[in-house]
Amino acid sequence: MSETETEVVIAGFGPTGMTAANLLGQAGIRTMVLERDTEPPGETRAIATDDEVLRIWQGVGLVDEILADGLVEAPVRYAGADGRTIGEVDFVLRRSPFGLPSFLAFHQPALDATLRAGAARFGSVEVRAGHEVTGLAQDADGVIVQARRVEDGEPLRVRARYLLGCDGGRSTIRKALGLDFEGETFPQPWLIVDARLASGRSQPRVDFACDPQRPVVSVPMPGGRHRWEFMLHPGEDPAAFLAPEVAAELAGPLAPCPIEVERQVVYTFHDRTADRWRDGRVFLLGDAAHLMPPFAGQGLSAGVRDAGNLAWKVALAVRDGLPDAALDSYEAERRPHAESIMRLAVGLGRVVQTADPRRARVRDAVGRGTQAVPPLAAWLRRLGIKPAATLRRGLIAGDRRRPLDAAGTLFPQPTVGTRSGRSVRLDDVLGPGFAAVALGADPRGLLDPSAVRALDAAGARFVAVAPAGSGLPPDTDDLAWVADGDGALARWFRRRRRAVAVIRPDRFVYGAFGAGGGAELAALLTAP
């Protein structure tokens with residue numbers, strides 16, 4: 001048996017585990033990834049994500065490559081049984097406050113390749129493909145992970161400070177902890193057909209055809225690919241739908257040109273959540289913690305958000321002595337939002353999967369009624385139905401009951417100007433760690449001195465925002481000035497009547513303070 005030590009073990013190297021590896025690698029944390037497969041899966045499972053997740057990938061320097069491989073902001077249309085529109089989403093109208101597309105369709109093998117290559121940039125990250133976790137044990141100092149090499153059964157024993165279970169819906173980690181995975185399985189299986197188009201182009205729109213006779217979802221993908229999803233009815237044999245001619249028979253008439261089927265598989269969708277996402281020094285992320293049906297396009301996104309929330313906290317715990325109890329904030333912060341997205345996905349699934357013609361007529365009448373009310377139609381078109389990623393409690397300073405309190409909200413990311421004359425996304429100035437931002441002034445002069453010392457010790461960036469139209473004072477080694485190009489940051493500060501904002505590494509606002517505020521940061525960032 002070989003034995004080794006590291007600081008963090010990640011079990012599973014799907015998009016959630018890859019994102020966590022990139023974030024921990026960027027922080028310089030020694031990380032070992034254990035992945036059962038010896039080669040990337042090479043298949044497309046997830047196909048879409050959003051601006052909040054793209055911002056996480058921006059933080060590790062990969063977003064431009066991911067965007068170049070994707071298809072952005074395709075509109076969405078819901079059609080009733082008679083083919084008429086009952087709902088629409090226009091992502092361009094949404095005008096994301098984060099400076100990134102609100103919708104991205106991707107080809108997962110290309111996305112996976114980018115994330116894997118990203119993790120390989122960091123010498124502190126070691127990926128052991130062809131190794132599966134077989135058990136674990138914990139003590140006061142860490143976790144001992146038992147694994148074996150799949151090829152020959154050679155055992156491996158790894159001691160680490162923390163273990164992140166990113167190993168999917170059938171999670172070995174969750175089962176080893178004895179945690180329940182409660183929820184339901186949808187009774188309707190779906191046939192998924194991924195195909196290449198002979199013309200290399202498909203319609204630039206996502207269509208939900210909510211026809212009780214056979215609900216169909218149609219999604220354009222980059223690289224001349226397209227996905228169709230067909231609901232199976234009770235009594236239909238899923239195995240019969242895996243015959244090659246069935247995919248051509250169902251998808252062919254819907255395609256704008258001849259197609260080459262690359263993959264067809266029957267899935268059953270789930271709505272399940274682990275009863276706990278933390279057990280001692282072990283955490284569950286992504287599908288290991290929560291499974292949701294795909295109708296909101298948020299399954300992969302939820303897992304990446306988990307990694308974005310947890311990785312910086314684990315890095316602080318390993319490197320800077322963040323109290324272990326503070327890691328409880330991971331589930332406290334992420335579970336409410338994940339469950340709200342799951343409820344949305346389940347609700348949309350019920351809309352799409354309506355098989356009773358009478359219920360479908362009622363659904364369609366309600367949908368057309370919303371389209372006839374301009375304010376409601378506009379709200380839905382801007383995706384107002386999507387739950388906001390707002391933290392109600394956790395590692396934040398503030399009271400979310402006060403509507404002007406910014407703590408727990410995502411800080412906006414406009415394009416800002418720099419002294420070099422370049423326009424950049426704000427996060428590229430803020431850097432990967434904590435940041436303090438103030439309007440028209442050095443934030444260090446507005447925070448409590450103990451907060452400044454703590455932020456400085458944590459390697460935080462200090463950024464001053466020059467009002468739109470004014471010149472930029474000189475940058476210094478420890479203070480950056482940016483130009484508020486369209487005034488978005490000035491509006492943010494003035495609306496909240498605060499002088500300075502402290503931004504967490506995951507871009508949530510830790511707190512927005514008046515002059516002299518932020519003393520509690522010293523307790524958070526300073527090791528006891």
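Partly exposed here means a relative accessible area between 20% and 50%, with buried under 20% and exposed over 50%. I will use those words for the salt bridges in this structure, which is a predicted model.

The structure holds 40 salt bridges. I will go through three pairs and one network.

Start with Glu88. Its relative accessible area is 32%, so Glu88 is partly exposed. Its partner Arg381 has a relative accessibility of 24%, so Arg381 also counts as partly exposed. In this salt bridge, the closest N and O atoms are 3.9 Å apart. The pair links distant parts of the chain: Glu88 sits in strand E7, residues 85–89, and Arg381 in helix H11, residues 374–381, which puts them 293 residues apart.

Next, Arg36 and Glu132. These two form a salt bridge with the closest N and O atoms 2.9 Å apart. Arg36 is in the loop between strand E3 and strand E4, and Glu132 is in strand E10, so the salt bridge ties together parts that are 96 residues apart in sequence. Are the two residues buried or partly exposed? Arg36 is partly exposed, because its relative accessibility is 44%. Glu132 is buried, because its value is 16%.

The third pair is Glu229 and Arg227. Their closest N and O atoms are 3.9 Å apart. Both residues are buried.

That leaves the network. Which residues are linked with Arg227 and Glu229 in a network of salt bridges? They are Glu43, Arg45, Asp112, Asp194 and Arg263.

As background, side chains of opposite charge can pair when their charged atoms come close.

Note on methods. Residues numbered from 1 in each chain as written. Predicted model: local features only at pLDDT ≥ 70, side-chain atom pairs only at ≥ 80, totals over all residues. Heavy atoms only, no water. Salt bridge = Lys/Arg side-chain N within 4 Å of Asp/Glu carboxyl O. Helix = DSSP H or I, 4+ residues; strand = E, 2+ residues; numbered from the N terminus. Buried < 20%, exposed > 50% of the residue type's maximum accessible area, 1.4 Å probe, protein only.
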